[in-house]
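I am opening a fresh page for this one. Here is what I looked up, roughly in the order I looked.

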Amino acid sequence: MTDNRNINTQGEIFGKAERLHSRKLIERLFKEGDFFFKYPFKVFYFETEKEKIAPVGILISVSKKNFKKAVDRNKIKRLIRESYRKNKSILYESDHLKKDKSLLIGLIYTAKTILPFKVLEKKIILILRQFFKEK
RNA sequence: ACGGCAAGUGGUUCUGUCGCCAUGUUCUUUGAGGAUAUGGAGGAAAGUCGGGACAACGCAGAGCACCAUACUUCCUAACGGGAAGGUCAUUUCGUUUUGAAACGGGCUGAACAGCAAGUGCCACAGAAAAUAACCGCCUCGUUUUGCUUCAGGCAAUGAUUGAGGUAAGGGUGAAAACGUGGGGUAAGAGCCUACGCUUUGUCGUGGCAACACGGCAAAGGGGUAAACCUUAUGGGUUGCAAGGCCAAAUAUGCCGGUGUUUUCGUUAAAUGCGGAAUAAGAAUUGCUCGUUCGACGCCGGCGGGUAGGUUGCUUGAGCUUCGGGGUAACCCGUGGCCUGGAUAAAUGACAGAAACCGUGCACAUACGGUACAGAAUCCCGCUUACAAGCUUGUCGUCCUU
RNA sequence: GGUCCCGUAGUUCAACGGAUAGAAUGUCAGAUUCCGGUUCUGAUGAUUCGGGUUCGAAUCCCGGCGGGAUCA
């Protein structure tokens, strides 16, 4: 890491710094970012100049319209977070991350049923691979 | 015994791997990061329906309006909550009785103050929906026809019309002007009377009280207040996106239209035009008084900035042992315990096993299942959701006596 | 998270506490036309759900469900 901020992003961890929580950045992601569909997700992505966060910022969102109960929304978010945490090495080890930029990713869950963990994990791997296929 | 329904209780456990959040300790250290220990959703965390704590606001404050509640006593910080009791209603059981019914007990329910303070409403039907009136009944009189034994009488007590009395009877309706018998009268009527019902007032007894029982007097007033309202009691308004601090950025910004008031100028005079602000006025919770300010309000357009951190924030009407008081809700004393604080949202994911339930010929094996549901300032209630197991009640079927 | 509002035909709206719940539009059928449109006639179809007050509830009261608005 050339960043003088010593944020640990190695290994299968997913800390607070890797989560996208700035209101400004989220607005820019949805306004200026591009997106593609990969069932069951709508994926927003946006490259910005170096922000005070980790090289990749992740946003997970589940619509209240599709899942009325807070329990279900929490469950889906936990499953998605877990599958990203286990497979984020695809991004970090690919050498496609530019060192002077930050990549923001927004994952919007669009399915109307709760999919099992193994299905979600396969989809996440496909999405993460798609990022360096495009570049 | 099995099954259904209702109420209450209850809210699965263990191991491994990889993680998340908070706090403490410690190491490296400019920021920050690492290591380690401990802890980490609920009985409803839900709905946001009541009530508080806490906080800000009004320039102090008062009254009105508005809103809420409504048998009694008690509990509680408070409540539209809870406990006990009273009354009424439904249902059930027992006793007495030929029966009707009465008495006693139980379950369930009640926005359970006032329509006998005033106003409003009561469709259709019905004579009439609350002042009593219409048909009818009865009395007295007017006019008039026929017959006749002719100052009169008769025509089923003729017909007609006027005045008065009356509420017995009148297909209805959710509801009909105290009920039944007798007297009374021209006809009738609680008009009188016997038995009974209801209400109000008052006295006595019991009870803290609601109320119950009994005596006396007056009365008979249909329903509706989850109709307006009256009475009593309570409530200032807004809510942690409240509010405080730090950082960043700052402009009670500019323009146009319009309204209100006073004054000056213009003018013959102005409601017009131009300029100004002593008082008019404006602000102040919806209004008034009061208070404060000295011009202000309303509408439209243009334009700038921040939307980060921290505090509020978790020790509290807290949980609990023992003892005491109380029918109970609950209270008092004493000892012990510390038990989530996230902020685009932590409290998890995966794998395996156990426990329980169902399917299955049976032990085993196998397959499937384990509810409702996720803290967002914090409490006390209420309401709603809920798998198995357990407890109680009730209904049905079968078996035994 | 707090606060507030609304729920009537497929859609947009009506309806003093009086039930046969009305109008426009839509849909369907028929007539008119060579066919379609327009027009005419007829049909269709609703009070978000459960309790309560009342003789009677879309309306009044309570609770659930669903939808929407707003906050610095």
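**Entry 1: a proline to start with.** My eye went to Pro-55, so I counted around it. Pro-55 has 19 C-beta neighbours inside 10 Å and so counts as partly exposed, because buried would take 20 or more. I found Pro-55 in the loop between strand 2 and strand 3. Its C-alpha lies 4.8 Å from that of Ser-102, although the two are 47 residues apart in sequence.

**Entry 2: how far to trust it.** I reminded myself that this is a predicted model. Chain A has an average pLDDT of 77, with 81% of the residues scoring at least 70. I then checked where confidence is lowest and highest in chain A: helix 1 (residues 23-32) has the lowest mean, 76, and helix 2 the highest, 87. Over residues 1-7 the pLDDT stays under 50, and the model has 3 contacts beyond four places in sequence for that stretch. Where pLDDT is low, the predicted coordinates should not be read in detail. I also noted the predictor's scores for the complex, an ipTM of 0.80 and a pTM of 0.76.

**Entry 3: the layout.** I counted 4 helices and 4 strands in chain A. Along the sequence they come in the pattern α-β-β-β-α-α-β-α. Of the 135 residues in chain A, 17% are buried. I looked up contact range too: among contacts with a separation of 6 or more, 81% join residues 24 or more positions apart.

**Entry 4: the core.** Which residues have the most contacts inside the largest nonpolar core? I found Ile-76, Ile-80, Leu-107 and Tyr-109, in a core of 16 residues. Strand 2, strand 3 (56-62), helix 2 (70-87), strand 4 (101-109) and helix 4 (117-134) each give two or more residues to this core. I followed up Tyr-109: beyond four places in sequence, it touches Pro-40, Phe-41, Ser-61, Val-62, Ile-76 and Ile-80.

**Entry 5: the other proline.** Tyr-109 touches Pro-40, and that led me to its peptide bond. The bond from Tyr-39 to Pro-40 is cis, with omega near 5°. Most peptide bonds are trans, which made me look twice. Pro-40 sits in the loop between strand 1 (34-38) and strand 2 (41-49).

**Entry 6: helix 2.** I took the span of helix 2 next. Its 18 residues reach 26 Å from the first C-alpha to the last, close to the 26 Å expected at 1.5 Å a residue. Which residues of helix 2 are buried? They are Ile-76, Leu-79, Ile-80, Ser-83 and Tyr-84. These cover an arc of only 130° around the axis, so they lie on the same side of helix 2. An α-helix has 3.6 residues a turn, so residues three or four places apart point the same way. On the face turned away from the buried side, I listed the exposed residues Ala-70, Val-71, Asn-74 and Arg-78.

**Entry 7: Tyr-84.** I picked Tyr-84 from helix 2 for a closer look. Tyr-84 counts as buried because it has 23 C-beta neighbours inside 10 Å. Not counting residues up to four places away in sequence, its contacts are Phe-14, Ile-58 and Ile-124. I also looked up Glu-12, 72 residues from Tyr-84 along the chain, and found their C-alpha atoms separated by 9.0 Å.

**Entry 8: Ile-105.** Ile-58, a contact of Tyr-84, turned up again here. Ile-105 lies in strand 4 and is buried, with 21 other C-beta atoms within 10 Å. Leaving aside neighbours within four places in sequence, Ile-105 is in contact with Val-43, Tyr-45, Val-56, Gly-57, Ile-58 and Leu-59. I closed with the spacing of Ile-105 and Ile-58: 47 residues apart in sequence, and 5.0 Å apart from C-alpha to C-alpha.

Methods. Residues numbered from 1 in each chain as written. Chains lettered and ligands numbered in written order. Predicted model: local features only at pLDDT ≥ 70, side-chain atom pairs only at ≥ 80, totals over all residues. Buried ≥ 20, exposed ≤ 12 C-beta atoms within 10 Å, placed from the backbone. Contact = placed C-beta atoms within 7 Å. Core = buried A, V, L, I, M, F, W, Y, C linked by C-beta atoms within 7 Å. Expected span 1.5 Å × (residues − 1). Arc of directions from axis to C-beta. pLDDT = per-residue confidence, 0-100.
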